[in-house]
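Me: I'd like a close look at one strand pairing in this predicted model. Start from a single bridge, then follow the contacts outward and tell me what they lead to.

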Amino acid sequence: MIAEELINQMIPPLKLSDTPAKAVRWMEEFRVNQLPVVKLRQFLGLITEEDILESKATHESLQTVSFGYEDVFVMHNQHFYNVMETAIKNKIQVVPVLDEQHEFLGVITVNDTISAFGQMAAMQGQGGILILSMNERDYSLSEISRLVEMNNAKILSAYVSPDELDPFKIRLTLKINTSDLKRIIATFERFNYRITAQYQDAAEEKNDQDRLDLLLKYINI
């Protein structure tokens, strides 16, 4: 799951022409301590309640308030693990998502990342996950299953979604009943399938739990 898929469409960005009072009101409404500020779709940074309180400004525009976090964001195609790590490292509740032109696409909240983690954890269970990118015309689950079964493994579930990086391709997420994916990966590569991500070992599962523990500790759940 990538960052762009988790953008919270309910939380809008602020503009420099907005007032600090409006920023505080929106923070209360959306129950967050930070909000993004943009200018002509360019991300300028995150403004916090502390920034506004320190400025002692209410009726002026946000141009009179100093704020930071201009370098704190994730790219739209990064894994949601990067979102979790960015939130934890910077102790923020919203993580901005940008495209390659540094244009603002939206934010992901900490709760969004927890929900995404829950979905991924439920899907992972015992075994491994492979994510493949391919042309839609090349998609054949029966053929893909045959290649997996050649390695004495089985597909437990399969999920097809658009490939955000290429509108002419699809992305296939496979849950496989083994955590040792080396031979399966080699087989797919021999048949010219492109693997874009893999999650397969106990160390990864431990890292997952470590990430979630840190995130939950941060938001005091």
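**From one bridge outward**

Reply: Let's start with Pro96, whose bridge partner in S6 is Val107. That pair belongs to the antiparallel match between strand S5 (residues 94-98) and S6, which runs over 5 bridges. Zoom out a little and you have an open sheet of 3 strands in the order S4-S5-S6, with mixed pairing. Strand S4 (74-75) and strand S6 (104-109) are the edge strands, each pairing on one side only. As general background, the strands of a sheet pair through backbone hydrogen bonds, either parallel or antiparallel.

Now stay with Val107, since it has another contact to follow. Leaving out residues up to four places away in sequence, Asn8 touches Val107, Thr109 and Asp112. Asn8 comes from the segment before S1, so here is a bit of the N-terminal stretch in contact with Val107, one half of our starting bridge. What about its accessibility: buried or exposed? Asn8 is buried, with a relative accessible area of 17%; the cut-off for that label is under 20%, so 17% falls inside it. The Asn8 side chain also reaches the backbone nitrogen of Met10, at 2.9 Å.

That segment before S1 has a second link worth following. Glu5 forms a salt bridge with Arg171, and the closest N and O atoms are 2.4 Å apart. Along the chain it's a long jump: Arg171 is in strand S9 (residues 169-176), Glu5 is in the segment before S1, and 166 residues separate the pair. The two ends don't share a label for accessibility either. Arg171 counts as buried because its relative accessible area is 12%, whereas Glu5, at 34%, is partly exposed.

This is one of 6 salt bridges in the structure. In general, side chains of opposite charge can pair when their charged atoms come close. Walk further along the chain and you reach a little cluster of such pairs: Lys15, Asp18 and Lys22 are linked in a network of salt bridges. The Lys15 side chain meets that of Asp18 at 3.8 Å, N to O, and Lys22 meets Asp18 as well, at 3.0 Å. Asp18 takes part in both pairs. How accessible are these residues? Asp18 counts as buried, given its relative accessibility of 7%, and Lys22 is buried too. Lys15 is partly exposed, at 42%.

Lys15 also takes you to another set of strands. Its bridge partner in S2 is Val38, and strand S1 (residues 14-15) pairs with S2 in the parallel sense over 2 bridges. So Lys15 has a strand partner in Val38 as well as a salt-bridge partner in Asp18. S2 itself is worth a pause. With 5 of the 6 residues of S2 (residues 34-39) buried, the strand is largely enclosed by the rest of the structure.

On from there, S2 runs antiparallel to strand S3 (residues 42-48), joined by 6 bridges. One of those pairings is Leu35, whose partner in S3 is Ile47. S2 and S3 make a hairpin with 2 residues between them, and Leu40 in that turn has a positive phi of about 50°.

If positive phi values catch your eye, there's another to look at: Lys91 follows H3 and has a positive phi, near 55°. Helix H3 covers residues 80-90, and its buried residues are Phe80, Tyr81, Val83, Met84, Thr86, Ala87 and Ile88. An α-helix has 3.6 residues a turn, so residues three or four places apart point the same way. Keep that in mind as you rotate the view.

Last stop, back on the far side of S6. Helix H4 (110-124) leads, through a loop, to strand S7 (128-135), and Gly127 is found in that loop. Gly127 counts as buried, since its relative accessibility is 14%. Its C-alpha atom and that of Ser179 are separated by 4.4 Å, although the two residues are 52 apart along the chain.

For contrast, finish at the surface. Tyr139, Leu141 and Val160 make a nonpolar patch of about 210 Å². Val160 has its place in strand S8 (residues 155-162), and counts as partly exposed because its relative accessibility is 37%.

How values were computed:
Residues numbered from 1 in each chain as written. Predicted model: local features only at pLDDT ≥ 70, side-chain atom pairs only at ≥ 80, totals over all residues. Heavy atoms only, no water. Patch = residues over 30% accessible without salt bridge, like charges linked within 9 Å, V, L, I, M, F, W, Y side chains within 5 Å. Areas by Shrake-Rupley, 256 points an atom, 1.4 Å probe, with all protein chains shown as cover. Salt bridge = Lys/Arg side-chain N within 4 Å of Asp/Glu carboxyl O. Helix = DSSP H or I, 4+ residues; strand = E, 2+ residues; numbered from the N terminus. Buried < 20%, exposed > 50% of the residue type's maximum accessible area, 1.4 Å probe, protein only. Pairing = 2+ DSSP bridges. Polar contact = N/O pair within 3.5 Å; in protein donor to acceptor, adjacent residues only side chain to side chain. Contact = heavy atoms within 4.5 Å.
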